[in-house]
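Visitor: Could you take me through one part of this structure up close? I'd like to hear about the aromatic rings and where they sit.

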Amino acid sequence: DIQEPNVWPSTGDCEFDKEFKETFQEGFEIRRNIARAFVRSISRALEFPELTSLFAEDEFSAMGLRKYPVRKRVNENMYSDHDDTLLRELEHVDSTITVLTTFNNPGLQMLYEGVYRDAPVSDNGFIVNIGKLVDDIIDNQLVSVKHRVKETEFDRYSITYFLGPQFDADISRSMSGAMTEAGRKYRIFGEWIKDYLGAIELFYY
C-alpha cells in the first residue's frame with residue numbers, strides 16, 4: 001500500500017474535529033469529481049479516449065488549505081523578475097490538473113500576452129487549470145497558464161486540489177506518440193512525481 005493515512009488536526013474539541021474532517025472529506029470529493037469531469041471533457045473535445053485511462057486511479061490526489069498571513073517585513077527574494085511586483089507565491093506553471101478555490105480573496109494573477117493580469121475570484125465556484133505535464137500528454141492542445149500570487153495587505157486564504165495520473169501511468173509519450181518533456185527522463189508518473197515533490201517546496205513561502 002503506497003498510500004499514507006491523513007494526519008488530522010486534534011484540537012481537543014471532539015465535535016469540531018469530527019466536523020472538520022467530514023467537511024474536508026466532502027470538499028475533497030467535490031473537487032475530485034470536478035477534476036475527473038474536466039479530464040473527461042478534454043478527452044471528448046480533443047478525441048483522445050486514452051487520456052481517461054491515465055487517471056483511472058488517483059493515488060496522488062492532494063488537497064490543501066492555504067493561508068497567506070500578512071507579512072511583518074518584506075522578503076527581498078520575492079520580487080518578480082518579470083515586472084518587479086512583490087509576490088507571495090512565485091511565478092510558476094502547474095503540473096497536472098488543479099482545482100482552486102480563492103473565495104473572495106484577490107491576489108491570483110495569470111500571464112496573458114506578456115502581462116500578468118488579475119484573475120477573477122472564485123467566490124463560491126472553482127478555477128480549473130491544466131498543468132504542463134498534462135499539456136504535453138495532450139500534444140499542447142490547451143494552454144498551461146503561468147501564474148502567481150501577489151502580496152496582499154490582508155490574510156489571504158485558498159484551497160488547492162491537485163489531480164495527478166495514476167502511479168504507473170505512462171507519461172513518456174503524448175496522445176500522438178511523441179516523446180514528452182518528462183519522457184526524456186521518466187516513463188511512469190510515479191517516477192516523475194517523486195522528484196517533482198522534492199522541488200515544489202521552492203514555491204511555498
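**The aromatic rings, up close**

Guide: Let's start with a cluster: Trp8, Phe16, Phe20 and Phe24 are linked to one another through ring pairs. Keep in mind that this is a predicted model. Searching the whole structure turns up 7 aromatic pairs, and two of them are worth a slow look.

Take Phe28 and Tyr161. Their ring centres are 5.3 Å apart and the planes meet at 80°, an edge-to-face pair. Phe28 belongs to helix 1, which covers residues 14–45, while Tyr161 belongs to strand 8, residues 156–163, so this pair ties together parts that are 133 residues apart in sequence. Are these two buried or exposed? Both Phe28 and Tyr161 are buried.

Now for Phe60 and Phe189. Here the centres are 5.6 Å apart and the planes stand at 70°; planes over 60 degrees apart count as edge-to-face, so this pair is edge-to-face. Phe60 is found in the loop between helix 1 and strand 1 (62–68), and Phe189 is in helix 3 (residues 189–199), so the pair ties together parts that are 129 residues apart in sequence. How covered is each partner? Phe189 has a relative accessible area of 1%, and because buried means under 20%, Phe189 is buried. Phe60 has a relative accessible area of 25%, so Phe60 is partly exposed.

Let's step back to the chain that holds these rings. There are 3 helices and 8 strands in it, and along the sequence they come in the order α-β-β-β-β-β-β-α-β-β-α. The radius of gyration is 18 Å, close to the 17 Å that the globule rule gives for 205 residues, so the chain is as compact as a globular protein of that length. Along the principal axes, the C-alpha trace spans about 50 × 45 × 30 Å.

Links between parts far apart in sequence turn up in the contacts too. Count the contacts with a separation of 6 or more, and 70% of them are between residues 24 or more positions apart. As for burial, 40% of the 205 residues are buried.

And the outside? The chain exposes about 12,200 Å², with carbon and sulfur atoms supplying 51% of that area. Its side chains include 24 positive and 36 negative ones, and the centres of those two sets lie 2 Å apart.

Key:
Residues numbered from 1 in each chain as written. Heavy atoms only, no water. Helix = DSSP H or I, 4+ residues; strand = E, 2+ residues; numbered from the N terminus. Rg over C-alpha atoms; globule rule 2.2 N^0.38 Å. Buried < 20%, exposed > 50% of the residue type's maximum accessible area, 1.4 Å probe, protein only. Contact = heavy atoms within 4.5 Å. Areas by Shrake-Rupley, 256 points an atom, 1.4 Å probe, with all protein chains shown as cover. Lys, Arg positive; Asp, Glu negative; His and termini not counted. Charge placed at Lys NZ, Arg CZ, Asp CG, Glu CD. Phe/Tyr/Trp six-rings, centres within 6.5 Å; stacked < 30°, edge-to-face > 60°.
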